[in-house]
Amino acid sequence: MTTLIFTHPDFRLHDTGMGHPECPARIDTVWDVLGSGDFRQLDQREAPEATVEQLAHVHERPYVDAVLAAVPSQGRVHLDPDTVLSATSRSAILRAAGAVCAAVDAVVGEKAADNAFCAVRPCGHHAEPARAMGFCVFNNIAVGAEHARKRHGVKRVAVVDFDVHHGNGTQAMFEDEPDLFFASTHEWPFYPGTGAREERGRHDNVVNVPLAAFTGSAEFRRGMKDFVLPAVEAFKPDLLMISAGFDAHRRDPLAHINLEAGDFAWATRELMAVARRHCDGRVVSVLEGGYSMDGLAESLAAHLRELMAA
């Protein structure tokens, strides 16, 4: 068993408009990586559309209905200043969440692979129960986590988010649930303004590691080793999920953290070791941010190599 990839051609059709950072070129870059070297051997599966019921496990049903009704017949509409829907977005936003559910089915239900990577867009970790924000429409990883619990009886799910922006939506969906755990490393203070160290969740099930602007590898690794990894160990997840944003790379134009591809490799390797100890290596990783095409390509390749090595 190895690493499965879940993706779909329709992710390219999500049209955010000229100059928008979350653009089709991002998924082109991801597909270029997947089509190169040893990554070509990985089995790729088509991401299905999530059902309304799956989305409504973490989003308020009126919000789900309103988003789907808002998809325009032509042109584009804004759900917030940064978050766009185009006439060709419906399939992408549904398949981005559906990919994560299908990956959970493959890794947990079918046991068809040890781990999976969901090459999707738009990203999802900012989406709150009834609010789109920060390029995110539905919270893909939270939808998948709840699918794991409801469909497969997984009791304890941990999400670790190393995107440079705090995953406020995932935290909002997890912080009151004792069997859900969320940890985030992120630039702070920075968009979206959440993620202070004092935010610990109702059941001490949230760990935030704020990083000052212009910090780099040493501070990131120290935060992971001192706070995130011990907390995940103590939580003992039955499934580990990764919000894999690569916008903390030093080349990224939207942030100010100076990581290298090797830092993402190291973090992935450490998380895979935790997963082997507690959940038979079961990991589902989901693409979040990353807006430098070179930084995204380098970091994604490093991340995938560690998933494959595990």
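Leaving aside its neighbours within four places in sequence, which residues is Phe220 in contact with? Before I answer, a word on the basis: this is a predicted model, in which local features need pLDDT of at least 70 and side-chain atom pairs count only at pLDDT 80 or more, while totals for chains, interfaces and linings use all residues. Residues are numbered from 1 along each chain as its sequence is written, and side-chain values use heavy atoms, with hydrogens and water left out.

Taking contact to mean heavy atoms within 4.5 Å, Phe220 touches Phe162, Thr185, Leu211, Leu259, Asp263, Trp266 and Ala267. Phe220 sits in helix α7, residues 217–235, where helices (H or I, at least four residues) and strands (E, at least two) are DSSP runs numbered from the N terminus. With a relative accessibility of 1%, Phe220 counts as buried, a word that stands for under 20% relative accessible area, as against exposed for over 50% and partly exposed in between, with a 1.4 Å probe and protein chains only. From Phe220 to Phe264 there are 44 residues in sequence and 10.0 Å in space, taken C-alpha to C-alpha.

Phe264 brings us to helix α8, residues 261–278, whose axis comes within 8 Å of that of helix α9, residues 293–309, and crosses it at roughly 25 degrees; axes here are lines fitted to C-alpha atoms, for helices over the stretch in contact, and angles run from 0 to 180 degrees between N-to-C directions. On the α8 side the contact is made by Ala261, Phe264, Ala265, Thr268, Arg269 and Met272, and on the α9 side by Glu298, Ser299, Ala302, His303, Glu306 and Leu307.

Helix α9 also appears in the surroundings of helix α1, residues 24–34, in which Pro24, Arg26, Ile27, Thr29, Val30, Val33 and Leu34 are buried. The buried residues of α1 pack against α9 and against the strands β1 (3–7), β2 (43–46) and β10 (283–287).

Finally, the cysteines: a search of the whole structure finds 0 disulfides, a disulfide being a pair of cysteine sulfur atoms within 2.5 Å. Cys23 is in none, as the nearest cysteine sulfur, that of Cys123, is 11 Å away, and Cys23 counts as buried at 19% relative accessibility. Why does Cys118 have no bond to the closest cysteine sulfur? That sulfur, in Cys101, is 9.1 Å from the sulfur of Cys118, which is too far for a bond. Cys118 is likewise buried, with a relative accessible area of 0%.
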